[in-house]
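This report describes the fold and the metal site of one protein model. The account begins with the interior and then turns to the strands and the metal.

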Amino acid sequence: MITIIKRGTKDVTTCKTCGCVFAYEREDVINEDTDNYKAFREYVTCPQCNTEVVLRQVK
Ligand SMILES: [Zn+2]
């Protein structure tokens, strides 16, 4: 039987600007409050073109 000892923490996303596919971990995700804490967005920075790749945005 196969058992997970430690769950993987990496997610993969694609940069919509340059097409780079990269893996990131929770610690790479930047949380940014917008609109006086009524909204927020989560993003990671593309390692190739340094564009913000938004993962989640709440308005
Ligand atoms: Zn990119």
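The largest nonpolar core of this protein comprises 8 residues, namely C15, C20, F22, Y24, V29, V44, C46 and V53. The model is a predicted one. As a general matter, nonpolar side chains tend to be buried together in soluble globular proteins.

**Core contacts**

V44, a member of this core, touches T13, F22, Y24, D28, V29, T51, E52, V53 and L55 when residues up to four places away in sequence are not counted. Among these partners, F22, Y24, V29 and V53 also belong to the core. T13 lies in strand β1. With a relative accessibility of 14%, T13 counts as buried, because the limit for that class is under 20%. Residues up to four places away in sequence aside, T13 touches C20, V21, F22, Y24, V44, V53 and L55.

**The β1-β2 hairpin**

Strands β1 and β2 pair in the antiparallel sense over 4 bridges. Within this pairing, F22 in β2 is the bridge partner of T13. The hairpin has 6 residues between its strands, and G19 takes a positive phi near 85 degrees there.

Side chains alternate along β2: F22 and Y24 point to one face and are buried, whereas V21 and A23 point to the other face and are not buried. Such alternation between the two faces of the sheet is what a regular strand shows in general. Both buried residues of this pattern, F22 and Y24, are listed in the largest nonpolar core.

**The three-stranded sheet**

An open sheet is formed by 3 strands in the order β3-β4-β5, with antiparallel pairing. Its edge strands are β3 (30-34) and β5, each of which pairs on one side only. From one strand to the next, the twist averages 25 degrees. The antiparallel pairing of β4 and β5 extends over 6 bridges, and T45 stands opposite E52 in β5.

I30 is located in strand β3. Leaving aside neighbours within four places in sequence, I30 is in contact with R41, E42, Y43 and T45. The relative accessible area of I30 is 34%, so this residue is partly exposed. The C-alpha atoms of I30 and T9 are separated by 16 Å, and the two residues are 21 residues apart along the chain.

**The zinc site**

Which protein atoms are the donors of the zinc ion? They are the SG atoms of C15, C18, C46 and C49, at 2.3 to 2.4 Å from the ion. The angles among the 4 donor atoms are 106 to 113 degrees, and the site is tetrahedral. For four tetrahedral donors, the ideal angle at a metal is 109.5 degrees. The donor residues follow the spacing C-x2-C-x27-C-x2-C in sequence. The pair C15 and C49 links distant parts of the chain, 34 residues apart: C15 is in the loop between β1 (11-14) and β2 (21-24), and C49 is in the loop between β4 (39-45) and β5 (52-58).

Burial of these two donors, together with that of two strand residues discussed above, is set out below.

| Residue | Relative accessibility | Class |
|---|---|---|
| C15 | 2% | buried |
| C49 | 29% | partly exposed |
| T13 | 14% | buried |
| I30 | 34% | partly exposed |

The zinc donors C15 and C46 are also members of the largest nonpolar core.

Technical notes: Residues are numbered from 1 along each chain as its sequence is written. This is a predicted model: local features need pLDDT of at least 70, side-chain atom pairs count only at pLDDT 80 or more; totals for chains, interfaces and linings use all residues. Side-chain values use heavy atoms; hydrogens and water are left out. Donors are N, O and S atoms within 2.8 Å of the metal (3.2 Å for Na, K and Ca); water is not among the atoms, so sites may look incomplete. Four donors count as tetrahedral if all angles lie between 85 and 135 degrees; four count as square planar and six as octahedral if opposite donors are over 155 degrees apart and all others between 65 and 115; anything else is irregular. Helices (H or I, at least four residues) and strands (E, at least two) are DSSP runs, numbered from the N terminus. Buried means under 20% relative accessible area, exposed over 50%, partly exposed in between (1.4 Å probe, protein chains only). Contact means heavy atoms within 4.5 Å. Two strands pair if DSSP finds at least two bridges between them. Axes are lines fitted to C-alpha atoms, for helices over the stretch in contact, and angles run from 0 to 180 degrees between N-to-C directions. A nonpolar core is a set of buried Ala, Val, Leu, Ile, Met, Phe, Trp, Tyr and Cys residues joined through side-chain atoms within 4.5 Å.
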